[in-house]
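Visitor: Can you walk me through this one? I'd like the quick version.

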Amino acid sequence: MNRKNLFGLTLAELKSELAPLPKFRAKQIAANIYKHGVKNFGDMNDLPKTLRAELETRFEIKVAELLTRLDSADGLTTKFLLGFADGAAVEIVIMRHDYGNSVCISSQVGCQMGCAFCASTLRGLERNLTAAELLGEIFFADEFLRGEGRKLDSVVVMGTGEPLMNFDALIKMLRLLHEDYCLGMSFRKITISTCGVVPVIKKLRDEKIPVTLSISLHAPDDKLRSELMPINSAFGLKSLLAAGDDYAQATGRRVTYEYILIGGVNDTEEHARRLAKILGGQLANVNLIPFNPVDERNFRPPTNNAVKKFFHFLNTHGIGATIRKEMGADVNAACGQLRARNSAR
Ligand code: SAH
């Protein structure tokens, strides 16, 4: 018999799903699921035995199934392939920083955005993840870190997929994650990374949840950006930067611009000069990411020297820049690579 999964439901949804049970029962069940990580109704010790047995026949609590685990040699990064009921699989990456632990989650199964350098989009979009599945990725990481005596401090939605193309599920998940009866996570500990779906950046601003926005820029002019990222043909740099600026003003949160440095493509001093020019005056940080080689893609990483020069140029021209510390290159932490390998088998 098909049992309905209660994981990922809000308290209001639990109340209506469990009616005519009294509301305090829904609260107890929410606490069991979200606060105590209980997976079997039989273990909900604060419920009467007969109720536990009845719930067991009608419902289940399913988070996500672990398919593969890969640890980096330095032990700081662990990547997991997680499976869902229909056989879909997504990657998450746990990073243990000295300033806290974070998880990078996927927003979709596959991706339709078609960026020229990215492994996640090679076979297109399979489907959106549901709010429950998105939350399941985070719960998996939270439980895993607790098992190590650590805790989950922050969430970045920067794995496979374009989060703003799965907006409703994303917002539902974020609001649930923030609830006291769930993990109670502050919106400020959450970062959403987008390739630049401009109208949805405005929708995100209107939600009035102060999550950090990260915009994947990767080029300082429309011509190069459109070659690397098809989305740019629909929403060019001017409108994207205006949306970023508007988001920063509305939330008071500095926007991070991600810039992958690809050898010989976008990593010269001239590119740095144009980038500094278009970002001048924005409430922004630039995060430089050395391109992570992808077998199927014909790009190469930048030289160390090119990275240093680019970084130096920005910082001496009024743009706060950082270089992404390469974590877990040995576990293929670049998005999509573990999943691509798993399904290529
Ligand atoms: N769709 C969202 C989130 C997923 S991509 C976005 O575009 O931001 C997460 C980040 O990884 C993006 O900045 C993306 O451009 C970058 N990325 C993709 N492939 C990469 C690669 N091979 N090397 C380094 N960064 C890569």
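Guide: First, a term: helices (H or I, at least four residues) and strands (E, at least two) are DSSP runs, numbered from the N terminus. The model is predicted: local features need pLDDT of at least 70, side-chain atom pairs count only at pLDDT 80 or more, and totals for chains, interfaces and linings use all residues. Residues are numbered from 1 along each chain as its sequence is written, and side-chain values use heavy atoms, leaving out hydrogens and water.

Visitor: Which residues does a cis peptide bond join?

Guide: Ala-19 and Pro-20, with omega about 10°. Pro-20 sits in the loop between α1 (11-18) and α2 (23-35).

Visitor: What about Lys-208, what is its phi?

Guide: Positive, about 55°, though Lys-208 is not a glycine. The loop between α6 (198-206) and β11 (212-216) holds Lys-208.

Visitor: Switching to the ligand. How many residues surround it?

Guide: 17, counting a residue if one of its heavy atoms lies within 4 Å. The closest are Glu-162, Ser-193, Ser-216, His-218 and Asn-292.

Visitor: Any polar contacts worth listing?

Guide: Here a polar contact with the ligand is a pair of N or O atoms within 3.5 Å. A ligand oxygen is 2.6 Å from a side-chain N or O of Ser-216. A ligand nitrogen is 2.9 Å from a side-chain N or O of Glu-162. For Phe-117, a polar backbone atom is 3.4 Å from a ligand nitrogen.

Visitor: Which α4 residues meet α5?

Guide: Ala-131, Leu-134, Leu-135 and Ile-138, where contact means heavy atoms within 4.5 Å. On the α5 side are Ala-169, Leu-170, Lys-172, Met-173, Leu-176 and Leu-177.

How values were computed: A polar contact is a pair of N or O atoms within 3.5 Å; within protein, one must be able to donate a hydrogen and the other to accept it, and residues adjacent in sequence count only if both atoms are side-chain atoms.
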